[in-house]
Amino acid sequence: MKLISTFILAILFSLSANAADVAIQDAVNAKHRNADNVIRDQYRHPAETLEFFGISPDMYVLEILPGRGWYTEILAPLLKENGQLTLASFGADHPNNYLKNIHNSFAELLQSSPELYGKTKMVVFEKDKQYLAEVPDNSQDMILTFRSTHNWIRYGGIESIYQAIYRVLKKGAVLGVVQHRANAGSDSNETAQKGYVTEEYLINLLEGMGFELAAKSEINANPKDTKDYKDGVWTLPPSLRAKDGNEEKYKAIGESDRMTLRFIKL
């Protein structure tokens, strides 16, 4: 009897996972997505990445620093019926004009399509250094952060930020991290200035805070990335910041080599 029950549960779990994967793929393929963003799918593998993190349409998900909304375009329709998407952005009053403009551009995206984004919640990422103060403790099924960790090392706050993330996650919930990856053995305090962080540094930091590394993936790996550019990761697409006449070379490399890590809150 117990064997039969276990078998039935396994079937139900498989059906649920398959349904979630279909919903993810539908969100990735949706026609509302910006055409320039779709071009980046070949480097960012959104469907595979979200499937690896284990997202499902009924989750409460917090996206940290969504930028101009690359992943938000996918997450919002995925979660709008049965889940909840919360977005932690810089805020319209951020003292840095560049970051404020990023937020305002993002806010315009949300306002442009109420049918897609009307259910999303917005919180200010930093408020008197009390990160995620507007998000209740133990309230999120999943938190996602894409290519931000290096800046938290460069400008300070990485420990406080990940402690806040830990606080608002439910026990057993998932933290999904995608980050430009430095070569093993490098000093992340140095490589972060170029946009890269070692896996060892990040795993040790988060496991020391009470997270457990559940799995890692090479979905977003890029062995062509030599990581030795004068202008750091921003030499590569989409930034192409170097302006040194080698843009075609950098385009051929593609976007950065990235770690993709799934943690759980113990």
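Lys and Arg count as positive here, and Asp and Glu as negative.

**Figure 1. Charges across the predicted model.** The model shown is predicted. The protein carries 30 positive and 34 negative charges. The mean positions of these two sets lie 1 Å apart.

**Figure 2. Overall fold and dimensions.** The protein has 12 helices and 7 strands. Its C-alpha trace spans about 65 × 40 × 40 Å along the principal axes. The radius of gyration is 19 Å, which agrees with the value near 18 Å for a compact globule of 266 residues.

**Figure 3. Interior and surface.** Of the 266 residues of the protein, 50% count as buried. The exposed area of the protein is about 13,100 Å². Carbon and sulfur atoms supply 52% of that area.

**Figure 4. Contacts along the chain.** This view concerns contacts with a sequence separation of 6 or more. In the protein, 75% of them join residues 24 or more positions apart.

**Figure 5. Close-up of R40 in its loop.** R40 sits in the loop between two helices, α2 (35-39) and α3 (41-44). Is R40 buried or exposed? Its relative accessibility is 14%, so R40 counts as buried; the cut-off for buried is under 20%.

**Figure 6. Contact partners of R40.** Neighbours within four places in sequence are left aside here. Which residues does R40 then contact? They are W70, P237, P238 and E255. Thus a loop residue between α2 and α3 is in contact with W70 and also with P237, P238 and E255.

Notes
Residues numbered from 1 in each chain as written. Predicted model: local features only at pLDDT ≥ 70, side-chain atom pairs only at ≥ 80, totals over all residues. Heavy atoms only, no water. Helix = DSSP H or I, 4+ residues; strand = E, 2+ residues; numbered from the N terminus. Rg over C-alpha atoms; globule rule 2.2 N^0.38 Å. Buried < 20%, exposed > 50% of the residue type's maximum accessible area, 1.4 Å probe, protein only. Contact = heavy atoms within 4.5 Å. Areas by Shrake-Rupley, 256 points an atom, 1.4 Å probe, with all protein chains shown as cover. Charge placed at Lys NZ, Arg CZ, Asp CG, Glu CD.
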